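Here are a few exercises to help you find your way around a new structure. Have a go at each one before reading its solution.

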Amino acid sequence: MTEVTQHSEDRRGPVLPPWLKKLAATLLTVAVTLLGLLFVTFMIGRVMPIDPVLAVIGERATQAQYDAAYLELGLDKSLLEQFFIYVRDVLSGDFGKSIRTGQQVTTDIARVFPATLELATLGTIIGIVLGVPLGVMAAVYRGSWIDQTARFVGLIGYSMPIFWLGLVGLLIFYGILDWVEGPGRLGVFYQGLVTERTGLLLVDSAIDGDWTVFKNAFGHIILPAALLGYYSLAYISRMTRSFMLEQLNSEYVTTARVKGLSERKVIWRHAFRNIRIQLITVIALAYANLLEGSVLTEIIFAWPGLGSYITTSLLANDMNSVLGGTVVIGTIFVGLNIFSDLLYRFFDPRAK
Amino acid sequence: MSDTLLDVENLWVRFPTRNGIFDAVRGISFSLGRERLGIVGESGSGKSMTGRAVLKLIRKPGFVEADKMQMGETDLLTASERDMRAIRGRHAAMIMQDPKFSLNPVMTVEQQMVEALTTHERVSRREARSRALEMLDAVAIREPERVLRLYPHEVSGGMGQRIMIAMMLIPDPEILIADEPTSALDVSVQLQVLEIMDKLVKDRGMGLIFISHDLNLVANFCDRVAVMYAGRIVEVCEAGKLQEAQHPYTRGLLNAVPDLEHPRDRLEVLERDPAWREAPSVSAR
């Protein structure tokens, strides 16, 4: 009964266009999610058995220095108050200073994040370009050698630890065959040659038209990107296969065949169109996964990205950096989810 | 029958399974002229498989065997997949049970209808569109301009099925296979859809294979009826004389139909005689 009255009261209020309501709802969800995220990271910072004061002033400080720092960090205030201050700071882009690097965490992240972004993006592109067609073919030729190969490739992707594949890859393609460049983002001789615009070396060097640097950067990124791409390929192709199998069994596919369409059109124009929606979600998740910083890959390839930044900071008891990095990753995750949601609305006529 | 559109002799549809080969259709013969041939039978009697076999749309590992499958000038048995694609849609089309599933949910009515035509004819978009509009008009859809822009989920079941009919008839095929075209529709629109389909088929001089489990419907809408049981045709008769059918299975089916004027407490349950399975198929040629 209360719901009914509620509803009729709503009717009397100003009538908002449905898209505005949806937008408001989405924004509210985002806000609540991010607040939750901040709460969790804040609490992690508080429950970690690391004394934030000692981390700043060092073990040898006097009691007076300790007390001063204690007050400066605002640790005398109530937990709730501290949380509000934390949220306010984060919203203004202030994660505090990194103890390890002595710089603002924001500056640090702005420096390391492009490395991860570049790696993850290339990895995901590889995963999509190879994984989607492989999945589609595996579904179309179900049970054939293509399907078996896809399954085998996927199985290896699932079961081999990435650090092992990474090391073997380095050994073969760098150590023995010398096809690719070694660890790091760029060879020593090329450091500092690129004007920093986006922080993505491939993009920056291409804008400069400096193809020697581009080639070197590409040689460095291709192996770790291929490795990450391989893992998302395994996931993407498996999901694509099962989505496609479902669609290929549906009646509208028979309708398309009855019309006399070629099998290629039946598959890509009819069945594939219907899985784009689900596929977007899968790809967004795979991308978010790689963006989170693939710690192991970044460490093996000495890749100065977000994953290795957070790990090194954690080992150095540098909580500000860890929490800052965590918030960035969480935000990316939420952002990608919303993005895939928006694309969903765009591609699925039923969602409009 | 002088004007034979389709001639099928000894058709088998077989599926290899772990326990040997399963035969969904077991050696049936029929022909179709410019007439309405009804195929009735219970679920699993092989009637849908017969329809799909004609278009060679039996999904692997299933396969079709026959002594003869002739559509017009084309021998379907030796036709390649490429030949079949030229036949499907252009010479023989099929309407399926539920437009909710048989129309592509993410394509507009226009995209789907235009595609049905452009697959077989080189026509401009404009021309294809105007033919689509004409066809929608022919299946009694009001505001065809608006309907072209709709997605399948935006139309009702009856309208969806009329769109389906319009789409399948755009390339002007000679044969239409209607596989339970009204079973998924509300009773109130079933007749309307059937009448539209019937009129189009008659006006264009097409051959119709009407697959249904509804005896009365088939008796009213068809010229000839073939009754299928366990993958065979057990009886063939003129639709008007269905009430005089001889075969115990047909009699049993007729007997199981409720009658408003003579209500019964219990409907008859069909007694199946194992001998029916093995009795040779009756030819409907």
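**Exercise 1.** Work out whether H12(A) passes H15(A) in a right-handed or left-handed crossing, and how the two helices are oriented.

*Solution.* This is a predicted model, so let's start from its helix axes.
- Helix H12 covers residues 263–291 of chain A, and helix H15 covers residues 319–347 of chain A.
- They pack at an angle of about 165 degrees, with axes 9 Å apart.
- Angles over 145 degrees count as roughly antiparallel, and that makes H12(A) roughly antiparallel to H15(A).
- As for handedness, the crossing of H12(A) past H15(A) is right-handed.

**Exercise 2.** Find out which residues meet where H12(A) touches H15(A), and sort them by character.

*Solution.*
- From H12(A), the contact takes in residues including Ile277(A), Ile280(A), Ala284(A) and Leu291(A).
- Across from them, H15(A) brings residues including Ile332(A), Phe333(A), Leu336(A) and Phe347(A).
- Sorting the residues of this contact gives 13 nonpolar, three polar and one charged.

**Exercise 3.** Now hop over to chain B: trace the order of the strands in its six-stranded open sheet, and spot the edges.

*Solution.*
- The order reads S7-S8-S9-S3-S10-S11 (chain B), with mixed pairing.
- S7 (92–95) and S11 (232–238) of chain B each have a single partner strand, so one side of each has no neighbour in the sheet.
- On average, neighbouring strands here are turned by 20 degrees against each other, direction ignored.
- Zooming in, S8 (residues 175–179) and S9 (residues 207–212) of chain B pair in the parallel sense over five bridges.
- Within that pair, Leu176(B) sits opposite Leu208(B) in S9(B).

Key. Residues numbered from 1 in each chain as written. Chains lettered and ligands numbered in written order. Predicted model: local features only at pLDDT ≥ 70, side-chain atom pairs only at ≥ 80, totals over all residues. Axes fitted to C-alpha atoms, helices over the stretch in contact; angles between N-to-C directions. Helix = DSSP H or I, 4+ residues; strand = E, 2+ residues; numbered from the N terminus. Parallel < 35°, antiparallel > 145°, perpendicular 65-115°, else oblique. Left-handed = near helix turned anticlockwise from the far one by under 90°. Contact = placed C-beta atoms within 7 Å. Nonpolar A, V, L, I, M, F, W, Y, C, P; charged D, E, K, R; others polar. Pairing = 2+ DSSP bridges.
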